[in-house]
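Here's a short set of exercises to work through with the model open beside you. Try each task before reading its solution.

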Amino acid sequence: MNHPDRFLFIFLLFCSSLLSLTRATAQDTLAIDFTGPADRLDLRAFTGVYHDRDEAFNMQDFGSMPFVPDTAVFHMHKRPLHHVNNIWLKFTIRNTGATDTTLYLFTGYHDEMEWFTPGADGSYNRAVHTGLMIDDGDVDRWGRYAFPVKVAAGHTSTFYLHIINHLYRENRLMPVLYDALHYAEHRQVHADHFKREALVIQVLIGMLLVLLCITLINYTQLPDRSSLYFAAYILGLILFFALRLESKPFQLSFFHFWPMLKYYWDIPAILFCFYLAPLVFGNIFLSLRERYPLMERCYRYGAIFMGILIVLFLGIIALGEFQVPAMIYSWFHMFSIIPLGISFLALARRTRHHPLVRFFLLGSLSVFFLSVWSFIVNKEPVGLTSIPELTAPNYIILAGILLQAMFYAAGLSYRNKLVHQERTKTQEMLIRQLNKNKELQRKLNEQLEELVKEQTTEILRKKQELEEQRKLQLEVEYSKKLAEIELKAIRAQINPHFIFNCLNSIQLFVMQRDYEHAQKYLSDFSYLIRKTLDFSRRNFISLSDEITYLNTYLGLEKMRFEQKMFYEVIVDPRIAAAELEVPAMLLQPYVENAVKHGMTNPDHPSGMLIIRFNQLEPDMLECVIEDNGIGIARSKAMRSMPSHHQSSGMEISLNRAELLNKMYNTGIQIEIIDKSDKQASDSGTIIRILIPQL
């Protein structure tokens, strides 16, 4: 080959390489006029993919990591996942238009998504961070799954999208580009599509709420554990389907503030609602312990196993392993078909003997067969998994769940009817038994009457013996009863005597037209009357009550005598006035006599009355009543009353003291001293009363 041929060959090889490079670059970069329409522009041919299985990729590695075309990662429908799908997508877009306009990239709804855009300094910033597992916004959160693509006119920009899917199913993954108008149409189409599915779920939730209310009302009227377990089953279904609304774009949701709740109550909810709750409910509803002990043990151990499995799944999900519970449940669902079928056959053989079995059996078979049918007719490629596709409401599954709940509710109503009939029969039996008891009681009464007649003679004989014994007892108690009667008679004499003197004082105020003092006097007098009537019925009162009574009485007398009377009650501080007791109405006559005869001494312009209570010994109380009146001797000499009137207050008190000494062996001592006997120049009376404590 000569030199011109060599140069020609090198030139052709260079041109071929340049053309290949240009074609490769053109294939990696999407050139689009941003001002033109963009409706679901497929970006799979212009998307670089990097699988970050080790989760070692970071923003500093954008320029060095190998992004290669891989259309296998994209799919139009849901598909099962057996491991976490952690991928990075690279988009290089050139704006061939003349203006700066924003387009929107949409790849679907995934668990976690990060959108990185180039900055002015060449670094990349995370512009959007959203996902089904992390975004806790309300309805507006669904608008964050369309990522803004903004490229200056005539420039080229590279964007990165990080997608992580943890769940056992991955939603549709298809990168498409929209302009603002077509994205709004796409959003409206999605909202209308999922609105129908959300409406079905909301209607189902409403019907389940009605069943729950009816069950709770029936429980209040007829408490039964099976009603509580059925209510728990309905609550689990309500929560499960309410959480399904969290996955419906642009629809009303109740738990958006807790995005992870729908993942926690997914596989565990299926185990609870379709295995654990029916097992526990059926065990109590069918009364298996009394009727079929072997089946009861199977149901009980199955419920325990389900509970352990639910707790285990919750723990695994909390650790972030979402595929493991799905895989375990898939195998468990397949292997549980045989024991469930055996259980259904065993129950079917007992429908004639137990009418409640048919309700439980029809409800369980409804959801069982319809779930199998739903799995067979399901057109979505969900792989070899038997998990019911409840996230996108399969109407066959929903019909099975509703039929199961309605059959269970009908069975509860029928069971309540049977219980009511049983109670009615029991009441009728009790009424018949009551009538028999009445007849038996009549016969027993006749026999008792005969026995009474036979024993009457014996009773009369013993009565005579008892009469003789009672006579002896009556003779012993006679003296004590007689003393009590005499004491009451004496107290009855004291009351009129005291009332007579008080009425004289009130009459004096009225005659003097001193109505204000008369009103106060009447008020205090009514208090004294009440206390007098109260004390008249009691043999002993506390010393504090006696002092209060005397103070009230002396206050009234002081009002009557105006400024001509002064009194003082002195109590030894060692005395516990509330604990010591004194005979009722014993001191008042002496105090009254001291006021009546001691306040009329012409030698003194005002009368003085002093009452002292002293503790002579631990069991001896001394009461001293001292006045500066005319004394006993002068009082007897000056007395000018009719012969038939006698001031018997002090005499009555002496008699009361003697009777009390006789009844209670108290040993009360009363000593009356005329002060003039000791000293001729002195006048007045001293009454000294010693009251022993019982």
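**Exercise 1. List the buried residues of helix 7, then check the helix's length against its residue count.**

Start with burial, where buried means under 20% relative accessible area, exposed over 50%, and partly exposed in between (1.4 Å probe, protein chains only). In helix 7 you should end up with Met295, Glu296, Tyr299, Gly302, Ala303, Met306, Leu309, Ile310, Phe313, Ile316 and Ile317. Helices here are DSSP runs of H or I with at least four residues, strands are runs of E with at least two, and both are numbered from the N terminus.

Before going on, note the ground rules: this is a predicted model, with local features needing pLDDT of at least 70 and side-chain atom pairs counting only at pLDDT 80 or more, while totals for chains, interfaces and linings use all residues. Residues are numbered from 1 along each chain as its sequence is written, and side-chain values use heavy atoms, with hydrogens and water left out.

Next, the length. The expected span is 1.5 Å times one less than the number of residues. Helix 7 covers residues 293-318, so its 26 residues should span 38 Å, and the end C-alpha atoms are indeed 38 Å apart. Finally, look just past the helix: Gly320 has a positive phi of about 90 degrees.

**Exercise 2. Describe the second largest pocket: how much space does it hold, and what lines it?**

First, the idea: rolling a probe the size of a water molecule over the atoms shows where empty space is left. On a 1 Å grid over the protein atoms alone, a pocket is an open set of points with protein on both sides within 12 Å along at least five of seven lines, and lining residues have an atom within 4 Å of a point.

Step one gives about 730 Å³ for the second largest pocket. Step two gives 34 lining residues, with Tyr275, Leu279, Ser336, Leu340 and Phe344 nearest the centre. Two or more lining residues come from each of helix 5 (267-285), helix 7, helix 8 (323-348), helix 9 (355-377) and helix 10 (395-511). Helix 8 gives the largest share, 10 residues.

Step three sorts the lining by class: Ala, Val, Leu, Ile, Met, Phe, Trp, Tyr, Cys and Pro are nonpolar, Asp, Glu, Lys and Arg charged, and the others, Gly among them, polar. You get 26 nonpolar, seven polar and one charged.

**Exercise 3. Work out the strand order of the five-stranded open sheet, and say why strands 14 and 18 have a free side.**

Pairing needs at least two DSSP bridges between two strands. The order is 14-16-17-19-18, with mixed pairing. Strand 14 (565-571) and strand 18 (669-674) stand at the edges with a single partner each, so one side of each has no neighbour in the sheet. Now zoom in on one pair: strands 14 and 16 (residues 607-617) run parallel, joined by seven bridges. Val571, for instance, has Phe613 of strand 16 as its bridge partner.

**Exercise 4. Which loops hold Arg40 and Ser287, and what is phi in each?**

Arg40 sits between strand 1 (29-32) and strand 2 (41-42); phi is near 55 degrees, positive although Arg40 isn't glycine. At 47% relative accessibility, Arg40 is partly exposed. Ser287 is in the loop between helix 5 and helix 6, and phi of Ser287 is near 55 degrees. Ser287 is partly exposed at 22%.

Terms used: On a 1 Å grid over the protein atoms alone, a cavity is a set of points where a 1.4 Å probe fits but cannot get out, and a pocket is an open set with protein on both sides within 12 Å along at least five of seven lines; lining residues have an atom within 4 Å of a point. Grid points are joined across faces, edges and corners, and a volume is the space filled by probe spheres set on the points.
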